[in-house]
Amino acid sequence: MDEGERILVFGRGGWLGQALWRRLQSSGRDAAGPTRTEVDIRSPEPLERALHTVRPSSVINLAAARPGADEDTLEAVNVVGARNVAAACARLGLRLVHVSTDALHDGRSAPYGDAAPANPLTPYGRSKACGETAVLEVHPEAVCVRTSLIWDAQAMDRGTRGFAGRIAAGEPCVLYSDEIRCPLPRDTLAEALLDLTRLDVAGPLNVAGREALSRYDFGLLLLRHFDVSGLDAIRRVRAADLVEAGQPPRPRDLRLLVDQAEALLGRTLPGVTDVLRR
């Protein structure tokens, strides 16, 4: 452990945060991870008090409202909360690694480089795009990690559990064949975030898997990996057809270029097929 190094993590109770926290604990690195009730990033005063108390050398912000949350919550957490964290880190001269998303793109101009401008289609994507802008306005030295679907070969993520439950209950299930993402294992992303607390990089940075998969192919790979039966119940559909039927548009091709991240981190960011093959 580097002398004086201490990492403060916001959002350690979430899917990615749990993996990050386990890695910190197993490595013996000095870390703090206040719960949401202990420190609400929507309130700047308690947030700044926590930073003064912990005195970290760097902060990783994973705290976020999920897709499907109401727009007030998305604004309060993903924009105002993100700005509060970044402003406090800037005032104290702290390194900030802020986790963003590929969903801030519209899916019409893939593949996307690190600095590709945001053009979101969904409320969640808009909130994360505005959050990135707010973070970099107040803390230009921060790095905003644009990532994709986060999965784990050892445990079902929330979406896969939901699909398995619906299949078991005999409910209809659909997966999109024309929505392309670059999934990344959560342990790989957690390790990358820790490395980025020490690396000299600022602004948007794509950190996602090198393999691009449709939501349909990715979903089937995971369900088969976890020995879920009854996969014949899954319907393969096109998101484009749903838009034509009057549903809101969804970003479809969200491939991210990850050459810069791989060069910085000194390793390949693995795809789903490679991980499962091992």
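## Charges, cysteines and a helix in a predicted model

C173 has a relative accessibility of 2%, so this cysteine counts as buried. Keep in mind that we're looking at a predicted model here.

**Cysteines.** How many disulfides does the structure hold? Zero. Take C182, which is in no disulfide: the nearest cysteine sulfur belongs to C144 and sits 19 Å away. A disulfide would need the two sulfur atoms within 2.5 Å. C182 is also buried, at 2% relative accessibility.

**Salt bridges.** Searching the whole structure turns up 17 salt bridges. Here are three of them, with the gap between the N and O atoms.

| Positive partner | Negative partner | N to O distance |
|---|---|---|
| R29 | E5 | 2.8 Å |
| R108 | D106 | 4.0 Å |
| R250 | E179 | 2.4 Å |

Start with R29 and E5, whose side chains meet at 2.8 Å. R29 lies in the loop between helix 1 (15-27) and strand 2 (31-32), while E5 is in the segment before strand 1 (7-10), so this pair ties together parts that are 24 residues apart in sequence. Both R29 and E5 are buried.

Next come R108 and D106, with their closest N and O atoms 4.0 Å apart. Which of the two is exposed, and which is buried? R108 is exposed, with a relative accessible area of 60%, whereas D106 is buried at 9%.

Then there's the salt bridge between R250 and E179, at 2.4 Å from N to O. This one links distant parts of the chain, 71 residues apart: R250 is in the loop between helix 8 (239-244) and helix 9 (259-265), and E179 is in the loop between strand 7 (173-176) and strand 8 (180-181). R250 is partly exposed, with a relative accessible area of 34%, but E179 is buried at 3%. Elsewhere, salt bridges with shared partners join E5, R29 and R198 into one network.

**An arginine without a salt bridge.** R95 belongs to strand 4 (residues 95-101). What is the nearest side chain of opposite charge to R95, and how far away is it? That would be D200, at 6.1 Å, and R95 is buried yet has no salt bridge. A salt bridge would call for a nitrogen and a carboxyl oxygen within 4 Å. What the R95 side chain does reach is backbone: the oxygen of L199 is 3.0 Å away, and the backbone oxygen of V201 lies 2.9 Å from a polar atom of that side chain. Leaving aside residues up to four places away in sequence, R95 touches several others, including S57, S58, V59, E141 and L196.

**Helix 4.** Helix 4 (residues 123-138) has 16 residues and runs 23 Å from its first C-alpha to its last, close to the expected 22 Å. Among its buried residues are Y124, G125, A129, A134 and V135, along with the charged K128 and E132. What do the buried residues of helix 4 pack against? Their partners are helix 3 (71-92), strand 4, strand 5 (143-147) and strand 10 (203-206). Strand 4 is where R95 is found.

**One exposed loop residue.** S229 sits in the loop between helix 7 (215-225) and strand 12 (234-237). With 60% relative accessibility, S229 counts as exposed. The C-alpha atoms of S229 and I167 are separated by 8.0 Å, though the two residues are 62 residues apart along the chain.

Technical notes: Residues are numbered from 1 along each chain as its sequence is written. This is a predicted model: local features need pLDDT of at least 70, side-chain atom pairs count only at pLDDT 80 or more; totals for chains, interfaces and linings use all residues. Side-chain values use heavy atoms; hydrogens and water are left out. Helices (H or I, at least four residues) and strands (E, at least two) are DSSP runs, numbered from the N terminus. Buried means under 20% relative accessible area, exposed over 50%, partly exposed in between (1.4 Å probe, protein chains only). A polar contact is a pair of N or O atoms within 3.5 Å; within protein, one must be able to donate a hydrogen and the other to accept it, and residues adjacent in sequence count only if both atoms are side-chain atoms. Contact means heavy atoms within 4.5 Å. The expected span of a helix is 1.5 Å times one less than its number of residues.
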